[in-house]
Amino acid sequence: MIDDILKNTLEVVSVEELKEVMEKKDKRAYIGFEPSGKIHLGHYLQIRKMIDLQNAGFDVVILLADLHAYLNQKGTMEEIKELAEYNKRCFEAMGVKAEYVYGSEFQLDKEYTLDVYKLALKTTLKRARRSMEVIAREDENPKVAEVIYPIMQVNDIKHLNVDVAVGGMEQRKIHMLARELLPSLGYKAPVCIHNPVLTGLDGEGKMSSSKGNFIAVDDEPDVIKSKIKKAYCPAKVVEGNPIMEIAKYFLEYPLTIKRPEKYGGDLVVNSYEELEKIFTEGKLHPMDLKNAVAEELIEMLSPIREKLQ
């Protein structure tokens, strides 16, 4: 079970603590999402980890972080609520069985607010801002909200009563802040699981609905093919190559890559490691790789798309 949890993670702080938590009868893991436009492969990668935890006996909590989204200037509360309901439908279609909690359901309570004030006294302005460097919207004149946000996220772990916090590597600084500060409130330091952040299809930064460089989980087959065809995929290069990342984290092996006979015919690849080797050696053309990835994604996302229609 623990091997499934550790697979495709970049970091677990710490593995020994995770093993201890797994011995508990009742154990809870959470991930928070700011309600956003389209749910894409970057979200799906995180949800798949929550499914791994669910299969290992964890109760899974998904925080629909409406107040966090509001602080991060993602729209009015009404707009955010509408997006959150759509996001919830997408996550359910992915197959995770979770307890869904809106931030506004508990983040306005008296006890929660008092804990925010306590944490604010233990956190420097510089530390709070630094923890938000990858998460906050770019703003030449940042709002005070940018330092309230991480303190609330630390507090969420206590008030959701979770043992494990999950997120992409951009969450690391906030998670480390939580591990440092929560014991001072009489709460245990959480185990933190950090997953990869997918590169956008344009090869520039992370996959993001606001940047338009994503594959949505409900994209139609022709849209997926078109997006993959245009995606950044330099020959022989793995680092920062979004198509290779998709092949690593989403495709199942053995994988059959269909090619015309004049280009060597069909190719059976038994593992991602083998795929990486033949690609870096120039034995697989980027377009053949793209075609295979597109076909596999279409098949993988088909059940999700059907549930959302």
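# Exercises on a predicted model

Valine 15 touches Ile2 and Leu6, setting aside residues up to four places away in sequence. Keep in mind that this is a predicted model.

## Exercise 1: around valine 15

Work out where valine 15 sits and whether it is buried or exposed, or something in between.

Solution.
- Start with the secondary structure: valine 15 belongs to helix H2, residues 15-22.
- Next, the accessibility. Valine 15 has 29% relative accessibility, so it counts as partly exposed.
- Now a distance check: asparagine 87 is 72 residues from valine 15 in sequence, and the two C-alpha atoms are 30 Å apart in space.
- Finally, look just before the helix. Valine 13 and serine 14 are joined by a cis peptide bond, with omega at about -10°. Serine 14 is in the loop between E1 and H2.

## Exercise 2: the sheet

Find the strand order of the open sheet and say which strands are at its edges.

Solution.
- Six strands make up the open sheet, and reading across gives E1-E6-E5-E2-E3-E4, with mixed pairing.
- Strand E1 (11-13) and strand E4 (98-102) are the edges, since each pairs on one side only.
- From one strand to the next, the twist averages 20°.

## Exercise 3: strand E5 and its partners

Describe how E5 pairs with E2 and with E6, and say how many of its residues are buried.

Solution.
- On one pairing, strand E2 (residues 28-33) and strand E5 (residues 164-168) run parallel, over two bridges.
- Those bridges can be traced residue by residue: alanine 29 has valine 164 as its partner in E5, and tyrosine 30 has alanine 165.
- E5 also pairs with E6 in the parallel sense, this time over five bridges. Here glycine 167 stands opposite histidine 194 of E6.
- As for burial, E5 is mostly covered, with five of its five residues buried.

## Exercise 4: helices on the sheet

Identify which strands helix H3 and helix H5 meet.

Solution.
- Helix H3 (residues 41-55) lies across E2, strand E3 (59-64), E5 and strand E6 (191-195). Its direction is at about 170° to E2.
- Helix H5 (residues 77-94) packs on the sheet too, touching E2, E3 and E4. The angle between the directions of H5 and E4 is about 170°.

## Exercise 5: a glutamine in H8

Decide whether glutamine 153 is buried or exposed, and list what it touches.

Solution.
- Glutamine 153 is part of helix H8 (residues 145-159).
- Its relative accessibility is 8%, under the 20% cut-off, so glutamine 153 counts as buried.
- Beyond residues up to four places away in sequence, glutamine 153 touches Tyr30, His68, Gln171, Ile174 and His175. Tyr30 should ring a bell: tyrosine 30 is the bridge partner of alanine 165.

## Exercise 6: annotated spots

Locate the features that UniProt annotates at residues 35-43 and at Ser209, and find the contacts of serine 209.

Solution.
- The unreviewed UniProt entry labels residues 35-43 as a short sequence motif, the 'HIGH' region. In the model, the end C-alpha atoms of that span lie 11 Å apart, and the span is 33% helix and 0% strand.
- UniProt (unreviewed entry) also gives a "binding site" at Ser209. Serine 209 is in the loop between E6 and helix H10 (221-230).
- Serine 209 is partly exposed because its relative accessibility is 26%.
- Leaving out neighbours within four places in sequence, the contacts of serine 209 are Ser36, Gly37, Lys38, His40 and Phe214.

## Exercise 7: odd backbones and charges over rings

Spot the residues other than glycine with positive phi, another cis peptide, and the lysines that sit over rings.

Solution.
- Start from the usual case: most residues other than glycine have a negative phi, and most peptide bonds are trans.
- Glutamine 73 has phi near 60° and lies in the loop between helix H4 (66-71) and H5. With a relative accessible area of 40%, it is partly exposed.
- Asparagine 161 has phi near 55° and lies in the loop between H8 and E5. At 44% relative accessibility, asparagine 161 is partly exposed.
- Tyrosine 253 and proline 254 share a cis peptide bond, with omega about 5°. Proline 254 is in the loop between helix H11 (242-249) and strand E7 (255-257).
- For the rings, lysine 27 lies over the face of phenylalanine 58, at 5.7 Å from the ring centre. The charged end of lysine 81 sits over tyrosine 102, 5.2 Å from the centre of its ring.

Terms used: Residues are numbered from 1 along each chain as its sequence is written. This is a predicted model: local features need pLDDT of at least 70, side-chain atom pairs count only at pLDDT 80 or more; totals for chains, interfaces and linings use all residues. Side-chain values use heavy atoms; hydrogens and water are left out. UniProt positions are given in the numbering used here, feature names are shortened, and annotations may be inferred rather than shown by experiment. Helices (H or I, at least four residues) and strands (E, at least two) are DSSP runs, numbered from the N terminus. Two strands pair if DSSP finds at least two bridges between them. Axes are lines fitted to C-alpha atoms, for helices over the stretch in contact, and angles run from 0 to 180 degrees between N-to-C directions. Contact means heavy atoms within 4.5 Å. A charge sits over a ring if NZ of Lys or CZ of Arg is within 6 Å of the ring centre and within 35 degrees of the ring normal. Buried means under 20% relative accessible area, exposed over 50%, partly exposed in between (1.4 Å probe, protein chains only).
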